Amino acid sequence: MADIHAHYGPSTLYPPIEAYDTGFLKVSAIHNIYYEQSGNPQGLPVVYLHGGPGGGISPSDRQYFDPKFYRIIAFDQRGAGKSTPPAELKENDTWALVSDIETLRTTLGVDKWVVFGGSWGSTLALTYAIKHTERCKALILRGIFTLRQSELKWFYQEGASHVFPDAFDSYKAVIPEEERGDYITAYYKRLTSADPAVRREAGKAWSSWEMKTSKLYVSEEMVKHAEDDTWADQFARIECHYFVNKGFFETDAWILDNVDKIRHLPCVIVQGRYDVVCPAVSAWELHKKWPEAEFHLIPDSGHSAKEPGTTQQLVAAADKFKTL
């Protein structure tokens, strides 16, 4: 079903809670991922997949779920957040992350879980579900991103630049004129530079571009986040690494081409109409491929999960799946 006009329900974020369990899980010779559990230890498991890649989790991510009902599991993907080593690109790809989700599931003794992901988190959630359908009870997806070249070119080359020309000027200023025919490649060169100053400048500019464009009304708090050297380095380096490698997918439309494998799963898709980071065309194409999924196109939201209409639909989706 499709809800184009998005009648907002009464749902709001649940109150802040603390994690009852935290730890690190060794997933490769060099990578250790940070994970946490909160809510009800005996509750319905839900795994929260953060964006980026490289964005990391935050305490507010727990608040989409009823803590009395859900066992809320979240983790920092390879190189992100508290996971170590930070911003590491070796042994860091989509299939490694899918494997990490399974390693975490078995380590924590989970049979099946609800999978929640937005932006890159939606990419990873869809990919995981396609590969491990039998471990998914339901999906909650936001800001659909299928990592096709058309999506990357829209945001990082030309497209979103026409909507946020002021922010794009700062993004392109880091790159010399002769390299501007391919910003992703030009940024990757700098984000993998041996010169810390070059890497830092590129990391902040790349991260700032996304932070300035993620909400319908620009959030100064998000923009300031991009000034954090460590976070910007993790976010920019890992994102650019995945994008220059085309998400490590076999084909450009791999996700959409494999949706039939998961159409039997309950799913809610929430998309901001004015999302310029992950434009609505991808969510719309997913909706057409997966008409059984509940679809909400929020008329007054951009990309962020923290915009009112989007937040309400995400919380409502998690509340709905309490009946699974």
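1. Let's start with the second largest pocket, which holds about 180 Å³ of space. Keep in mind as you look around that this is a predicted model. Which residues line this pocket? They are Gln149, Leu152, Lys153, Gln157, Gly181, Asp182, Ile184, Thr185, Phe243, Val244 and Lys246.

2. Now see where that lining comes from. Helix 3 (149-156), helix 5 (183-191) and helix 8 each bring at least two residues to the lining of the second largest pocket. Which helix gives the most? Helix 3 does, with three residues. Sorted by class, the lining of the second largest pocket has four nonpolar, four polar and three charged residues.

3. On to the largest pocket. About 930 Å³ of space lies inside it. Its lining is made up of 38 residues, and those nearest the centre of the pocket are Gly56, Ser58, Asp61, Met222 and Lys306. Try finding these five residues in the structure before you trace the rest of the lining.

4. Which elements give two or more residues to the lining of the largest pocket? On the strand side you have strand 3 (32-39), strand 4 (44-49) and strand 6 (113-118). On the helix side there are helix 6 (196-213), helix 7 (220-225) and helix 8 (229-244). Notice that helix 8 also turned up in the lining of the second largest pocket. As for classes, the lining of the largest pocket has twelve nonpolar, 16 polar and ten charged residues.

5. Strand 3 is worth a second look. Strand 2 (residues 21-26) pairs with strand 3 in the antiparallel sense, over six bridges. If you want one bridge to look up, take Phe24, whose partner in strand 3 is Tyr34. How many residues sit between the two strands of this hairpin? There are five between strand 2 and strand 3.

6. Last, have a look at Ser301. You'll find Ser301 in the loop between strand 9 (294-298) and helix 11 (308-320). Is Ser301 buried or exposed? With a relative accessible area of 0%, Ser301 counts as buried, because the cut-off for that word is under 20%.

7. What does Ser301 touch? Leaving out its neighbours within four places in sequence, Ser301 is in contact with Leu216, Gly272, Arg273, Tyr274, Asp275, Glu307, Gly309 and Thr310. Thr310 deserves an extra glance: its side chain and that of Ser301 are joined by a polar contact of 3.1 Å.

Key: Residues numbered from 1 in each chain as written. Predicted model: local features only at pLDDT ≥ 70, side-chain atom pairs only at ≥ 80, totals over all residues. Heavy atoms only, no water. Helix = DSSP H or I, 4+ residues; strand = E, 2+ residues; numbered from the N terminus. Buried < 20%, exposed > 50% of the residue type's maximum accessible area, 1.4 Å probe, protein only. Polar contact = N/O pair within 3.5 Å; in protein donor to acceptor, adjacent residues only side chain to side chain. Contact = heavy atoms within 4.5 Å. 1 Å grid on protein atoms, 1.4 Å probe; cavity = no way out; pocket = protein on both sides within 12 Å on 5 of 7 lines; lining within 4 Å. Points joined across faces, edges and corners; volume = space filled by probe spheres on them. Nonpolar A, V, L, I, M, F, W, Y, C, P; charged D, E, K, R; others polar. Pairing = 2+ DSSP bridges.
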